[in-house]
Amino acid sequence: MSTAFAPLPTTASASTATPSTTTESIAFTPTPTQAYLMRIGDTCLIHAQRLAEWSGHAPILEEDIALTNLALDLVGQARALLTHVGRQTGFDEDQLAFLRSERDFVNATLVELPGRKMGRDFADAIVRNFLLSAWMNVLWARLEQSSDAEVAAIAGKAVKESRYHVAHAADWVVRLGDGTDESTRRTRQAVARLWPYTAELFETDAVDTAAAESGLGPMRVALKPEWDAIVARVFAQAGLDVPAAGAFRSTGTLGVHSEHMGYLLAEMQVLQRSFPGGQW
Amino acid sequence: MTSPPSGARVTRAWDVLHGVLDPEVPAISVTDLGIVRDIIDHDDVLEVVVTPTYSGCPATEVIDAAILEAVNAAGLGPARVTQRRAPAWTTDWITPEGREKLRAYGIAPPGSCASDATGGNVQPIRLMARNVACPRCGSAQTERLSAFGSTACKSLYRCIACREPFEHFKPI
């Protein structure tokens with residue numbers, strides 16, 4: 001994520017270091033306003049990490065390229081938000097991405113759930129990408145009116161990208177859901193597995209309330225009618241039932257993650273943890 | 001050393017940037033692409049204002065460096081590149097000349113995206129997303145092979161008339 005220009009073999013200095021020690025995590029204590037933006041940035045970042053796992057492994061080459069292209073957009077969106085929050089807190093984007101501990105990540109649990117590496121189905125990747133992209137699309141459209149000019153500018157770009165993210169994901173949901181008996185069965189399984197984690201996307205707490213009051217951005221619950229409409233329309237075309245709401249609530253946005261998050265961070269952060277400040 | 005008059009410095013900088021090619025689509029320049037939004041002469045420093053194409057475009061840093069190198073090489077420096085996010089870049093900013101260069105290079109240029117702002121009303125897309133004319137033979141009988149291509153900004157098509165595959169610069 002760093003500057004592109006350092007000459008390639010930067011390992012010259014890194015290789016002399018002993019990669020046995022682990023870099024200390026930064027002490028990050030965001031204000032409610034910063035936490036609001038970090039929830040969005042972290043959700044983009046972790047979703048990108050999971051999508052990128054399909055690089056070289058998607059069922060067809062076109063989808064391999066598609067999922068990693070979407071991941072690239074999401075990393076860019078995360079970079080913009082993390083850099084923005086970093087300017088207020090004295091950290092750079094790399095420190096925020098690679099040197100925060102698990103409890104300081106505030107992404108929705110939905111995006112950290114196992115991906116390809118845990119043997120989860122391609123249908124899971126597709127359904128999750130659809131549910132999340134639709135949410136991001138509704139959110140970015142609202143954030144274009146943010147009282148924070150930088151956030152509004154980031155959203156102005158991201159909303160365009162999220163449009164083709166949803167379109168691409170929705171196309172696949174219809175194709176798989178309304179496909180063969182086997183693809184339908186597996187898509188339904190994916191919906192059943194992932195649906196309980198969507199409730200968290202519409203929870204309300206003090207962070208949401210503060211953001212809404214200051215005009216920074218909408219409360220998550222305010223996104224629900226539009227998200228419901230997109231999901232209902234696409235699921236209807238895909239022949240999928242919209243599951244009923246349940247009582248389960250995941251808590252990633254509060255920093256309390258599933259058991260999968262530690263493994264994800266270990267892989268995402270290992271390089272910076274082992275070679276502090278290493279440049280690409 | 002005497003520097004050229006301010007207006008001339010800015011005009012010359014625009015000319016210089018007209019020759020700085022996009023690293024991912026080396027057929028068109030950064031000014032053809034419409035990402036150079038402003039050039040401001042602060043006397044001591046020449047500021048080049050650039051709007052990024054895609055949030056995750058990996059060429060952003062390369063483009064900034066190429067701009068600085070060209071401006072400095074032309075003796076117009078010292079210079080700095082600043083980013084302006086809003087309003088967001090759109091393919092509608094690609095100049096007519098840039099579109100023609102794309103076509104000549106074998107990339108179908110983007111259509112207008114003014115009507116593409118579907119917002120939340122996203123419909124599932126189908127393989128025949130929109131009519132894109134083949135940049136080689138001009139036929140409108142084309143089909144999309146892949147929504148994504150070698151770079152974030154392009155998708156892959158095939159011409160049914162002349163059988164040639166080609167890239168399409170997606171409207172955004």
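Trainee: Which residues touch the most other members in the largest nonpolar core?
Mentor: That core holds 116 residues, and those touching the most other members are I126(A), V127(A), F130(A), A134(A), W135(A), V173(A) and V234(A). A nonpolar core here is a set of buried Ala, Val, Leu, Ile, Met, Phe, Trp, Tyr and Cys residues joined through C-beta atoms within 7 Å.

Trainee: Which element gives the largest share of this core?
Mentor: Helix α5(A) does, with 16 residues. Helices (H or I, at least four residues) and strands (E, at least two) are DSSP runs, numbered from the N terminus.

Trainee: And where does the core lie with respect to the domains of chain B?
Mentor: Domain 1 (6–83) and domain 2 (105–118 + 125–169) of chain B both contribute residues, so the core lies between them. The domain bounds come from an automatic or database domain assignment.

Trainee: Before we go on, what kind of model is this?
Mentor: This is a predicted model, in which local features need pLDDT of at least 70 and side-chain atom pairs count only at pLDDT 80 or more, while totals for chains, interfaces and linings use all residues. Residues are numbered from 1 along each chain as its sequence is written, and chains are lettered from A and ligands numbered from 1 in the order in which they are written.

Trainee: How far apart are those two domains of chain B?
Mentor: The C-alpha centres of domain 1 and domain 2 of chain B lie 29 Å apart. Their contact takes seven residues from domain 1 of chain B and five residues from domain 2 of chain B. Two residues are in contact if their C-beta atoms, placed from the backbone, lie within 7 Å. On the side of domain 1 of chain B that touches domain 2 of chain B, four residues are nonpolar, two are polar and one is charged. Ala, Val, Leu, Ile, Met, Phe, Trp, Tyr, Cys and Pro count as nonpolar, Asp, Glu, Lys and Arg as charged, and the others, Gly among them, as polar.

Trainee: How many residues does each chain give to the contact between chain A and chain B?
Mentor: Chain A gives 35 residues and chain B gives 23 residues. On the side of chain A, the elements that supply two or more residues are α3 (61–89), α5 (122–143), α6 (149–177) and α9 (224–238). Helix α6(A) gives the most, with 15 residues. This side of chain A divides into 19 nonpolar, eight polar and eight charged residues.

Trainee: Different topic: where does α10(A) bend?
Mentor: Helix α10(A) bends by about 50° at M268(A); the bend is the angle between axes fitted to the seven residues ending there and the seven starting there.

Trainee: Which residues of α10(A) are buried?
Mentor: M261(A), L264(A) and L265(A) are buried, and the buried residues of α10(A) pack against α2 (32–52) of chain A. A residue is buried if 20 or more other C-beta atoms lie within 10 Å of its own, exposed if 12 or fewer, and partly exposed in between, with C-beta atoms placed from the backbone.

Trainee: Does T198(A) count as buried or exposed?
Mentor: T198(A) counts as buried because it has 22 C-beta neighbours inside 10 Å. T198(A) sits in the loop between α7 (181–194) and α8 (206–214) of chain A. Leaving aside residues up to four places away in sequence, T198(A) touches L110(A) and L131(A).

Trainee: Now chain B: how many helices and strands?
Mentor: Chain B has three helices and seven strands, which run α-β-β-α-β-α-β-β-β-β from the N terminus on. Of its 172 residues, 38% count as buried.

Trainee: Where are the cis peptide bonds at P78(B) and P87(B)?
Mentor: One joins G77(B) and P78(B), with omega about 0°, and P78(B) is in the loop between α2 (60–73) and β3 (79–83) of chain B. Another runs from A86(B) to P87(B), with omega near -5°; P87(B) is in the loop between β3 and α3 (96–105) of chain B.

Trainee: What is phi at D43(B)?
Mentor: Phi of D43(B) is near 70°, a positive value in a residue other than glycine. D43(B) lies in the loop between β1 (36–41) and β2 (46–50) of chain B, and it counts as exposed because it has 8 C-beta neighbours inside 10 Å.

Trainee: And where is R163(B)?
Mentor: R163(B) is in the loop between β6 (154–159) and β7 (165–169) of chain B. R163(B) has a positive phi of about 70° although it is not a glycine, and with 10 C-beta neighbours inside 10 Å it counts as exposed.
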